[in-house]
Amino acid sequence: MLKLGFIGAGFIAKFYARALQYVRGADLTAIYALNGAEALAAMARELGVGDPTVYGTVEEVVQNADVVCVLVPNFAKVETMEAVTDARRRNAEIRGLVVDKPLGRNMAEANRMVELANKCGVFTAYHENQNHMPPVRTALAQLLPAWHAAGPIALARSAEEHGGPHEPWFWDPTKQGGGVLCDMGCHSIDVARFILTPPGKPLDFLVPVSVTASTYLLKWGQPAYRAKLLAKHGVDYTKAPAEDYATGQVVFRNPQTGQLVVAQFIDSWMYDNQGLCLRMEALGPGYALGVDSLTSPLTVFIGDAVAQAIGDAESALEKATASHGLLCVQPNEMDLYGYVAELRDSVWAFATGGRPMLDWEHGRRTTLLVMAAYWSAERGATITLDSETLDFLDIYIPAIQKGKGHKVLGVS
Ligand SMILES: NC(=O)c1ccc[n+]([C@@H]2O[C@H](COP(=O)([O-])OP(=O)(O)OC[C@H]3O[C@@H](n4cnc5c(N)ncnc54)[C@H](O)[C@@H]3O)[C@@H](O)[C@H]2O)c1
């Protein structure tokens, strides 16, 4: 049984614990977190996914796990990995490292994460759950004959939207790395790239050519919402605003055929609809796929007469915004969003000495595209990914991330 050690015990750690119910061959055995470790341990016991010990240091988790999962906020990832690497240097045996997206807030951090993982000398898993989503994978398998018969998918669109994140640090661009583009653009860009990648080719096969993006503060910059944000999360968008809407496109070139293909993305934290919405659409010559996470075989209706009895909107859907009326319910979000499949992939790889589907190098490539998107939005221009630009992006920190988003977002 593979022993998983979690550093961090918040939102994503709880999703992993629930997903572990569907994964064979691994238990959650060790947890360290500033907050929430005991609650997560209790949850793991209740779900039957392990009887974890709560430790007081990163080092103890590394000593007591086969696979260390870095599930801390973005601002704490590098310092956590420094501690993991120190523990590993003191002879703690581990078989693998997992990090959830994003790998870093900028290229300096992403590069450091890869460097530290290399020092640890073990395989890595970069968890980008949307590449594992069963509807996406099933659609691609179903369309394989069409792909071979007619030619490749030329356009992939991907959107992730909800009404705003759950913890204050997400809203603070200096802590999180930006707004919705840093938080969710990495998902959308990467899953679109995944959909466009020809079957059987590695995920870095398509060569990124250019990135064009825009960032806006559409809802949370308005005075009434700014005040709500300040009151609820202590984050002041008059001082350091972050984007709540981002859109753009990445153009890739197939190095064998020279054909250009396009990944379009839309991400927002101002989606005042039912809850988390993931939408993908892809078009090839004569065929298409479509995924919409707000379509479910299950709906429930809760009328006004009993509405007061219902408090937990999120039992229907992640980031749900309503607790009554006609509700879309996803009975197994862990599976739908790809958490089960990505954990299964990593557990199987680490248990058998292989490589997970996505490694931290892949995470670094994704960070690069997100940085190019911020640079494009700042300049109001298409960014061509030539060698000079790549060198620049290696040291670039987006203005929004520096807490200087006023000019980019038009906030006065
Ligand atoms: N794949 C997805 O869809 C998805 C969804 C949510 C979050 N995430 C990612 O997962 C990561 C964690 O996000 P979250 O939503 O779980 O955050 P969270 O705020 O809900 O939980 C963070 C956890 O880390 C702990 N922590 C904070 N600083 C720490 C430190 N220095 N050392 C040890 N523990 C520390 C906190 O106490 C808490 O237990 C982020 O990088 C986020 O982007 C991914």
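# Exercises on a predicted two-domain model

α14 is followed by G380, whose phi is positive, near 65°; helices (H or I, at least four residues) and strands (E, at least two) are DSSP runs, numbered from the N terminus. Residues are numbered from 1 along each chain as its sequence is written. The model is predicted, and local features need pLDDT of at least 70, side-chain atom pairs count only at pLDDT 80 or more, while totals for chains, interfaces and linings use all residues.

## Exercise 1: the helix before G380

Find what α14 lies across, and test its length against the expected span.

Solution. Begin with the position: α14 (residues 360-379) lies across β8 (207-216), β9 (245-253) and β15, and runs at about 50° to β8. Such angles run from 0 to 180 degrees between N-to-C directions, the axes being lines fitted to C-alpha atoms, for helices over the stretch in contact. Next take the length, for which the expected span is 1.5 Å times one less than the number of residues. The 20 residues of α14 should therefore span 28 Å, and this agrees with the 29 Å between its end C-alpha atoms.

## Exercise 2: the sheet of seven strands

Work out the strand order of the open sheet of seven strands, then follow its pairings from strand to strand.

Solution. The order is β12-β11-β7-β10-β9-β8-β15, with mixed pairing, where two strands pair if DSSP finds at least two bridges between them. At the edges stand β12 (287-292) and β15 (383-384), each of which pairs on one side only. Helix α6 (residues 134-150) packs on this sheet, touching β11 and β12, and its direction makes about 175° with that of β12; contact between two residues requires that their C-beta atoms, placed from the backbone, lie within 7 Å.

Now go through the pairs. Strand β7 (residues 155-161) and strand β11 (residues 277-284) are antiparallel and share seven bridges, and L155 has L283 in β11 as its bridge partner. β8 and β9 run antiparallel with nine bridges, and the bridge partner of S214 in β9 is T247. T247 also stands opposite I266 in β10, within an antiparallel pairing of β9 and strand β10 (residues 260-268) that has nine bridges. The hairpin of β9 and β10 has six residues between the strands, and in this hairpin G258 takes a positive phi near 80°.

## Exercise 3: the sheet of six strands

Determine the order and the edges of the open sheet of six strands.

Solution. Its order is β3-β2-β1-β4-β5-β6, with parallel pairing, and the edge strands are β3 (53-54) and β6 (123-127), each pairing on one side only. Looking inside the sheet, strand β1 (residues 2-7) is joined to strand β2 (residues 26-32) by six bridges, and the two run parallel; here I7 stands opposite Y32 in β2. Helix α2 (residues 37-47) packs on the sheet and touches β2 and β3, with a direction at about 165° to that of β2.

## Exercise 4: two domains and their contact

Describe how the protein is divided and what lies on the domain 1 side of the contact.

Solution. Domain 1 covers 2-128 + 340-353 and domain 2 covers 131-296 + 331-336 + 366-409, with bounds that come from an automatic or database domain assignment. Their C-alpha centres lie 25 Å apart. The contact takes 22 residues from domain 1 and 24 residues from domain 2. On the side of domain 1 that touches domain 2, α1 (11-20), α5 (107-120) and α13 (339-352) each supply at least two residues.

## Exercise 5: unusual backbone angles

Locate the cis peptide bond at P102 and the positive phi of K319.

Solution. Start from the general expectation: most residues other than glycine have a negative phi, and most peptide bonds are trans. A cis peptide bond joins K101 and P102, with omega about -15°, and P102 is placed in the loop between β5 (96-100) and α5. K319, a residue other than glycine, has a positive phi near 60°, and its place is in the loop between α11 (304-307) and β14 (325-329).
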